[in-house]
Amino acid sequence: TMGLFSSFAVILIVNLTICHGWLLGSKSHPWDGLKVTWGINPFSSSSFVNMPRTESEAKSSGFTMISGCGHANFLGKRYMKNNDPAVILIYDVNGYIAGIQAGLPTTLSNGYPPANLKNQPLVQDGDKFYMTAYFVSPDSICTHGRTAGQFSSQGTGTDLYIQNSTDPMASIRIPHQESAIGSTAWVKGHCFPAMGVHYWYAATLDMSCDNFFPVFLLYNGGVLNAFGWAFQADLSSSRFEHPTTSSFAAFMNPVPQCLYNAGKLSTLHIYLNGNPQTDLICN
Ligand SMILES: *[C@@H]1O[C@H](CO)[C@@H](O)[C@H](O)[C@H]1NC(C)=O
């Protein structure tokens with residue numbers, strides 16, 4: 001933990017010096033971007049990577065469609081790049097960003113996901129298990145979609161919905177305000193600069209990792225503006241992060257002890273705002 005914190009402190013000072021747009025305190029956290037992968041170096045080309053928020057930009061940046069509206073289990077038009085299922089982007093009928101998905105092979109050597117997580121939330125389709133989130137109301141994605149005006153005023157989306165069954169319409173809406181999460185089973189972890197305050201679903205010290213929900217939420221300044229996946233599997237895509245066991249206590253409280261024996265984890269931070277690298281005040 002100390003190593004991670006001190007390395008981050010160095011980057012933080014560099015970042016503070018360079019990012020003149022950084023304002024103490026008063027940030028509004030609009031959903032004005034879409035970035036994936038946290039990294040110790042915010043200037044690296046493989047961390048905080050911008051994702052296209054329109055279908056036309058997706059096409060021009062090398063994504064190709066893998067399914068359209070009409071799929072039984074997933075909403076929207078799904079796009080993948082370089083055959084890498086770590087980041088599948090989902091667009092509505094009008095081509096505006098509507099969600100994101102990660103695909104895991106069904107043939108992982110450690111047998112992940114456990115039976116308890118199959119189809120809730122990891123939905124099997126062909127040779128993959130998919131973890132899916134939507135950024136707008138599921139019933140809008142394949143019906144009317146969003147207008148250019150809505151996309152420009154709302155940004156990346158209106159709310160976060162996590163698909164937790166084979167029925168995407170039944171996806172779980174996540175509270176936008178941190179103040180509303182107290183009445184749910186999400187457990188508050190720790191805050192980390194350029195991530196936010198982590199929440200883990202029903203996490204307890206002595207839980208079985210067969211029940212470890214592979215999603216975390218991130219609140220900054222009391223507002224949801226990022227989230228991510230945490231899979232108990234060593235996935236090879238360079239999109240994924242692989243936190244060491246010594247860093248778990250920086251994000252979780254309590255740390256489910258089973259995670260220490262879970263082998264290499266693969267996580268992915270997904271940011272709904274455009275400038276998470278400058279979200280350095282942890283609150
Ligand atoms: C997902 O669904 C399972 C099975 O119904 C349930 O036990 C679990 O609490 C749900 N997860 C969330 C985050 O609501």
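**Exercise 1. Aromatic pairs**

How many aromatic pairs does the structure hold?

*Solution.* The structure, which is a predicted model, holds 17 aromatic pairs. To see how one of them is classified, take W38 and F192, whose ring centres are 6.0 Å apart and whose planes make an angle of 85 degrees. Planes over 60 degrees apart count as edge-to-face, and the pair of W38 and F192 is accordingly given as edge-to-face. The next step is to place both residues along the chain: W38 is in the loop between β1 (35-36) and β2 (49-50), while F192 is in strand β11 (residues 186-192). The pair therefore links distant parts of the chain, since 154 residues separate its two members.

**Exercise 2. The shell around the ligand**

Work out which residues surround the ligand, and find the distances from its oxygen atoms to the side chains of N164 and Y201.

*Solution.* Begin with the residues around the ligand, which are Q120, N164, I172, Y201 and F213. Sorted by class, this shell has 3 nonpolar and 2 polar residues, with no charged residues. Next, look for N or O atoms in the side chains: one in N164 is 2.3 Å from an oxygen atom of the ligand, and one in Y201 is 2.9 Å from an oxygen atom of the ligand. Finally, consider the cover: on its own the ligand has 360 Å² of accessible area, and the protein covers 59% of that.

**Exercise 3. The largest pocket**

Describe the largest pocket by its volume, its lining and the classes of its residues.

*Solution.* The space in the largest pocket comes to about 320 Å³. Its lining is made of 22 residues, and those closest to the centre are E241, H242, P243, F251 and T267. Turning to secondary structure, at least two lining residues come from each of β12 (196-201), α5 (248-251) and β15 (266-271). Divided by class, the lining has 14 nonpolar, 7 polar and 1 charged residues.

**Exercise 4. Backbone angles**

Which residues are joined by a cis peptide bond with omega of about 5 degrees, and what is the phi of T37?

*Solution.* It helps to recall that most peptide bonds are trans, and that most residues other than glycine have a negative phi. The bond with omega of about 5 degrees joins N253 and P254 and is cis, and P254 lies in the loop between α5 and β15. The peptide bond from Y112 to P113 is also cis, with omega near 0 degrees, and P113 is placed in the loop between β6 (97-105) and β7 (123-125). As for T37, its phi is positive, near 80 degrees, although the residue is not glycine; T37 lies in the loop between β1 and β2.

Conventions:
Residues numbered from 1 in each chain as written. Predicted model: local features only at pLDDT ≥ 70, side-chain atom pairs only at ≥ 80, totals over all residues. Heavy atoms only, no water. 1 Å grid on protein atoms, 1.4 Å probe; cavity = no way out; pocket = protein on both sides within 12 Å on 5 of 7 lines; lining within 4 Å. Points joined across faces, edges and corners; volume = space filled by probe spheres on them. Helix = DSSP H or I, 4+ residues; strand = E, 2+ residues; numbered from the N terminus. Nonpolar A, V, L, I, M, F, W, Y, C, P; charged D, E, K, R; others polar. Near = heavy atom within 4 Å. Polar contact = N/O pair within 3.5 Å; in protein donor to acceptor, adjacent residues only side chain to side chain. Areas by Shrake-Rupley, 256 points an atom, 1.4 Å probe, with all protein chains shown as cover. Phe/Tyr/Trp six-rings, centres within 6.5 Å; stacked < 30°, edge-to-face > 60°.
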